[in-house]
Amino acid sequence: MSEKNREGKRAARDRLAQEREQQKARDKRRRALIVTAAVVGVLGLAAIAGVIAANAGGDKKDASGPVVPPSGASGKDSLTIPVGKDSAKSTLTIWEDFRCPACASFETQYSPTIHELTEKGQLKVEYRLATIIDGNMGGTGSVNAANAAACAQDAGKFTPYHDVLYKNQPPETDDAFGKDARLLELAKEVDGLDSADFKSCVEDGKHVSWVNKSNDAFRDGKFTGTPTVLLDGKNIFADQKNPLTPEQLKKKVEDAAK
């Protein structure tokens, strides 16, 4: 590998680590804001609620309905969307939020390797969905995009739609994914997904209660942010100064498959 390529990969890793740290800082500021609001009382809370409402504007879904897992969901409480063969020797668990910029950076850097390994039958991926950006920034984009991704899973199109969502991710402060029209528009980029069944699933919020339960599991796991990525249960970003690179991930998975 040329020195230029090595420097490029180091820069990409550094950028991903920086974005994760920025997300942690936003989470910390939000917690501080909540504490401050409690101190200043009702007026402060009302002001914060006004800010959140101004940032919202997405299509609200009824979250009081039954928990309906998408087709093929697995794991405890059926909260995991599996991709790849069960016979794979290695398992990659990815906690992600479709509004999370660091998640999009992770996908850009790692998804070619992940797709290659799953297609070879060497890696199984467990996608687990969180909605922390809605909580931080206001809006419904995290929840609605996750619901739409679950609807795509029903149609057997989770992976391509998942990738389309990240390729078209709006700025973190833009709740574009809160709009059903945008999610349905992006479905047209996935062959065979644009259908009446998918449309009704998205607009009815069929899997919203399931998405919220998944986010509860994320919080119960006490993870520090998204993406949280575990290879066979080990956090590959635990050492953010020296995270597992795509090349190292590939080698570990290929070695385990031998």
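The structure holds 13 salt bridges, and it should be read throughout as a predicted model. Side chains of opposite charge can pair when their charged atoms come close. This briefing looks at several such pairs, then at a buried aspartate and a helix that follows it.

**A buried salt bridge**

- The side chains of Asp175 and Arg99 meet in one of these salt bridges, with a distance of 3.4 Å from N to O.
- Because Asp175 sits in the loop between α6 (158-167) and α7 (180-187), while Arg99 sits in the loop between β2 (90-96) and α3 (101-119), the pair ties together parts that are 76 residues apart in sequence.
- Asp175 has a relative accessible area of 7%, so it counts as buried, and Arg99 is likewise buried, with a relative accessible area of 3%.

**Salt bridges around helix α10**

- Asp255 takes part in a salt bridge with Lys251, where the side chains meet at 2.9 Å from N to O, and in a salt bridge with Lys258, where the corresponding value is 3.4 Å.
- Asp255 and Lys251 are four residues apart in helix α10 (residues 246-257), which means that about one helical turn separates them.
- Asp255 counts as partly exposed, at 35% relative accessibility, whereas Lys251 is exposed, with a relative accessible area of 52%, and Lys258 is exposed as well, at 80% relative accessibility.
- A network of salt bridges links Glu116, Lys120, Lys250 and Glu254.

**Asp134 and its surroundings**

- Asp134 lies in helix α4, which covers residues 132-137, and this residue is buried, with a relative accessible area of 10%.
- If neighbours within four places in sequence are left aside, the residues in contact with Asp134 include Arg99 and Asp175, the two residues whose side chains form the salt bridge described above.
- Other contacts of Asp134 outside that stretch of neighbours are Gly139, Thr140, Gly141, Ser142 and Val143.
- Asp134 and Cys100 are 34 residues apart along the chain, and their C-alpha atoms are separated by 9.8 Å.

**Helix α5**

- Helix α5 runs through residues 141-154 and has 14 residues, and the distance from its first C-alpha to its last reaches 20 Å, close to the 20 Å expected at 1.5 Å a residue.
- Helix α5 is mostly covered, since 13 of its 14 residues are buried, where buried means under 20% relative accessible area.
- Just after α5 comes Gly156, which takes a positive phi of about 75°.

Technical notes: Residues are numbered from 1 along each chain as its sequence is written. This is a predicted model: local features need pLDDT of at least 70, side-chain atom pairs count only at pLDDT 80 or more; totals for chains, interfaces and linings use all residues. Side-chain values use heavy atoms; hydrogens and water are left out. Helices (H or I, at least four residues) and strands (E, at least two) are DSSP runs, numbered from the N terminus. The expected span of a helix is 1.5 Å times one less than its number of residues. Buried means under 20% relative accessible area, exposed over 50%, partly exposed in between (1.4 Å probe, protein chains only). Contact means heavy atoms within 4.5 Å. A salt bridge is a side-chain nitrogen of Lys or Arg within 4 Å of a carboxyl oxygen of Asp or Glu.
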